[in-house]
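Today I sat down with a new model and a short list of things to look up. Here are my notes, in the order I went.

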Amino acid sequence: MKITTWQILAAALLAIAATARASESKRFAITTFGAVGDGKTRNTQAIQALIDRASKEGGGVLVVPSGTFLTGALFFKQGVNLLIERNGVLKGSVNQDDYPQVKTRWEGIEREWTSALLNFNDMTGVDVGGEGAVDGSGDEWLRLGSPGRGAGPQGPRLGRPRLICFQNCKRVRISGLRLKQQAIWCLHILYSEDVTVDGLDIRADHNIPSSDGIDVDSSRKVRIRNVDIDVNDDCISIKSGKDADGLRVNRPSEDIIIENSRFHYGHGGVAMGSETSGGIRNVTTRNCVSDAGNWAPIRFKTQPSRGGVVENIVYRNIVLKDTRQAFEFNLEWRMVPPIAPPAKVLPVVRNVTIRNITGTVQSVGMMHGLAGSPILNVKFEKCDIKADKGFVIENARHVDLSGLKIAVKTGDPITKRNVE
């Protein structure tokens, strides 16, 4: 599958299309209004003033030309789109004061939290694209000492900024850009609908914690295609809230397609969870490649405290190239203190189809359900896996393994415990 070459061509076409769309709207070049692309001058006020002006004048396209433009958090407004031209870079500052606390959801809980670098809130018809880059300066945040979480003796600790967040948006398109060195989650799609993500290249150093590539969070009608991701957490994660707060909000992620993409290093390729409280349903991942270093290209993770139903999930036509595992289903993922009590209704994972998954892995992986909520109705079709170690399945019901061919170097291909 020559995905990388095809992606390069696709990204170029997307950038041309983004430029064509931008040419039809009023353009606001940030350099014309005082921004300086020397990588040193702080441009937050100049760029934000231009966004505000463009919105008042009926909207248009904010254009970032060639140069590196240092900025803190920017808040886009209705009618203002973004085009980053070739060799143009929006680079996040590493001054915590440049990122105000805002009402959002972070790690599955609604709260006041550090804003993203680029914020799109309550907008309809958003277009973000070009051949340029957004750089979150995650490597520099680490050198300064990563901010902590929660509260300490000096009061609240502030989080690092996400790179881009679309919150309560409809009809969104983001395409063609290079997104890199996110200080924490890269692209956060939160409470949004009708979102297209196309042709992004996402990269973060492997020592930047929680540098997820794309997080789809209680959103619907999302299509992700032609992305190439190498990060230090899940490449793509589908989420819907955590524990009591996630159950209170009760908004699912649903009707999602991920296709024609490549996942390099990362803790997962396309992961369901671990924030599953609002439910995840109708998700298809197809025609993708996962390379060596990816921990678990097909991944489900949650905890007893989460609750929620994960159902109608399809993975098909996926090539694995020496990944750590092929499959990871873990309903007791990362059970470290403090451990929240189980939800009144335990999380459910059911109705999963895994078709035409082929390649080489270190371990076929694991399927670990709960004694009180076994994993239900998983069907393997035309899967052929070569591995050092086999597949361990426990607490599962109605798992059809007839279409799973496994060749292992050591041990049994499949080990079952409490499986019916």
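I started with S277, which sits in the loop between β27 (268-272) and β28 (280-290); strands here are DSSP runs of E, at least two residues, numbered from the N terminus. A reminder to myself: this is a predicted model, where local features need pLDDT of at least 70, side-chain atom pairs count only at pLDDT 80 or more, and totals for chains, interfaces and linings use all residues. Residues are numbered from 1 along each chain as its sequence is written, and side-chain values use heavy atoms, with hydrogens and water left out.

Is S277 buried or exposed? I found S277 buried, at a relative accessible area of 3% (buried is under 20%, exposed over 50%, partly exposed in between, with a 1.4 Å probe and protein chains only).

Next I looked at what the S277 side chain reaches. One partner is the backbone nitrogen of D243, at 2.9 Å. A polar atom of the same side chain lies 2.7 Å from the backbone oxygen of R306.

I then listed contacts (heavy atoms within 4.5 Å). Beyond its neighbours within four places in sequence, S277 touches S240, G241, K242, D243, G246, L247, R306, G307 and G308.

Last, the cysteines. I counted zero disulfides, taking a disulfide as a pair of cysteine sulfur atoms within 2.5 Å. Why is C165 not bonded to C169? The C169 sulfur is the closest cysteine sulfur to that of C165, but at 8.1 Å it is too far for a bond. C165 is buried, with a relative accessible area of 1%.

C288 is in no disulfide either: its nearest cysteine sulfur, in C235, is 10 Å away. C288 is also buried, with a relative accessible area of 1%.

Methods:
Helices (H or I, at least four residues) and strands (E, at least two) are DSSP runs, numbered from the N terminus. A polar contact is a pair of N or O atoms within 3.5 Å; within protein, one must be able to donate a hydrogen and the other to accept it, and residues adjacent in sequence count only if both atoms are side-chain atoms.
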